[in-house]
Amino acid sequence: MTKRKKLIAANWKMYPAPVALGAPVQGKPSMEALKAYRGTPEVDAIVFPTFLDIPKVLKAGLIVGAQYGHPEESGAHTGDVSMKMVKDAGCTHVLCGHSERRKDHGETNTFVAAQVLSALKNDLHPILCIGETWEEKKAGHSKKVVQEQLDIVLRALPSHDSPLTIAYEPVWAISGGDATKPAASAAEAEEMHAFIRELLKASRHAEPFDKLRTGFVEARILYGGSMKPENAEELLRQPNIDGGLVGGASLDPVKFQKIVETAAKHS
Ligand code: PGA
């Protein structure tokens, strides 16, 4: 198995940049706090701020992604921002299909697949978010839901060498700002990550002429949903958990840095 470098991504959602890029954070000057988001030789770090904060976070020298991009280049879509615009603004990555967008903005699997294709066309690295709701889990449909969300994207990809990162985010484990909410257990998360890895492999086998390429079979699979310093260790030591998409805890540079340091131990 190829050793995949760990990736810890900060999803700042609709919160102001925690490092006010000027104001002190927990007594530390912000420039020092900013280091938390820079990653290390062993761990990649990416920050997903609001659209309005993208320029200042870029200016701070961080790797920046957008939380969303519309698949069309431009058009009559009030309030939207296209993948092309995101790219032109200096982003290198983009989240596609975060569960909060699926819920709040009615993003369907088909729309999310179009986003991923548009991201690739605009030379952005898509991070595809997938995961089941509590109701779907209770009904025993977790794997079916995740497979449907993934398959439609894999089938649409132009090549098995398309850059892709997956974020498995069980919707029921996302903190929603509640720092006390438990994450999925490491065993539960690992089982789903291993399943996703199998789906990636199976999808490659469907295209025999591409045998020599590993492509997205080796895509990183991040876990998201209440990851914090207290549970990062047990999650990040799992063989198929290649990092985290961190919401709540990423708003605190000290907590984020602790997660990055934990990831470094397992890189
Ligand atoms: P959380 O959010 O870490 O606050 O659960 C993760 C996410 O929604 O990406």
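An open sheet of 8 strands runs through this predicted model. Its order is β2-β1-β8-β7-β6-β5-β4-β3, and the pairing is parallel. Two strands sit at the edges: β2, residues 43-48, and β3, residues 65-66. Each of these pairs on one side only. In general, strands of a sheet pair through backbone hydrogen bonds, either parallel or antiparallel.

One pairing can be followed in detail. Strand β4 covers residues 93-96, and strand β5 covers residues 125-130. The two pair in the parallel sense over 4 bridges. Within this pairing, H93 has H125 of β5 as its bridge partner.

**Pockets**

The two largest pockets compare as follows.

| Pocket | Volume | Lining residues | Nonpolar | Polar | Charged |
|---|---|---|---|---|---|
| Largest pocket | About 810 Å³ | 32 residues | 9 residues | 13 residues | 10 residues |
| Second largest pocket | About 280 Å³ | 22 residues | 6 residues | 9 residues | 7 residues |

The largest pocket holds about 810 Å³ of space. Closest to its centre are H98, E100, R101, D104 and H105. Which helix gives the largest share of the lining of the largest pocket? It is α4, with 7 residues. Helix α4 spans residues 99-105. Helix α7 also contributes: α4 and α7 each supply at least two residues of this lining.

The second largest pocket has its own set of central residues. S175, M227, G247, G248 and A249 lie nearest its centre. Its lining divides into 6 nonpolar, 9 polar and 7 charged residues.

**S142 in helix α7**

Helix α7 runs over residues 142-156, and S142 lies in it. Is S142 buried or exposed? Its relative accessibility is 13%, so S142 counts as buried, the cut-off being under 20%.

What does the side chain of S142 touch through a polar contact? The partner is the side chain of E132, at 3.4 Å. E132 also appears in the wider contact list of S142. Leaving aside neighbours within four places in sequence, that list holds E132, E136, K137 and M192.

Taken together, S142 is a buried residue of helix α7, with a side-chain polar contact to E132. Helix α7 in turn supplies at least two residues to the lining of the largest pocket.

Methods
Residues numbered from 1 in each chain as written. Predicted model: local features only at pLDDT ≥ 70, side-chain atom pairs only at ≥ 80, totals over all residues. Heavy atoms only, no water. Buried < 20%, exposed > 50% of the residue type's maximum accessible area, 1.4 Å probe, protein only. Polar contact = N/O pair within 3.5 Å; in protein donor to acceptor, adjacent residues only side chain to side chain. Contact = heavy atoms within 4.5 Å. 1 Å grid on protein atoms, 1.4 Å probe; cavity = no way out; pocket = protein on both sides within 12 Å on 5 of 7 lines; lining within 4 Å. Points joined across faces, edges and corners; volume = space filled by probe spheres on them. Nonpolar A, V, L, I, M, F, W, Y, C, P; charged D, E, K, R; others polar. Pairing = 2+ DSSP bridges.
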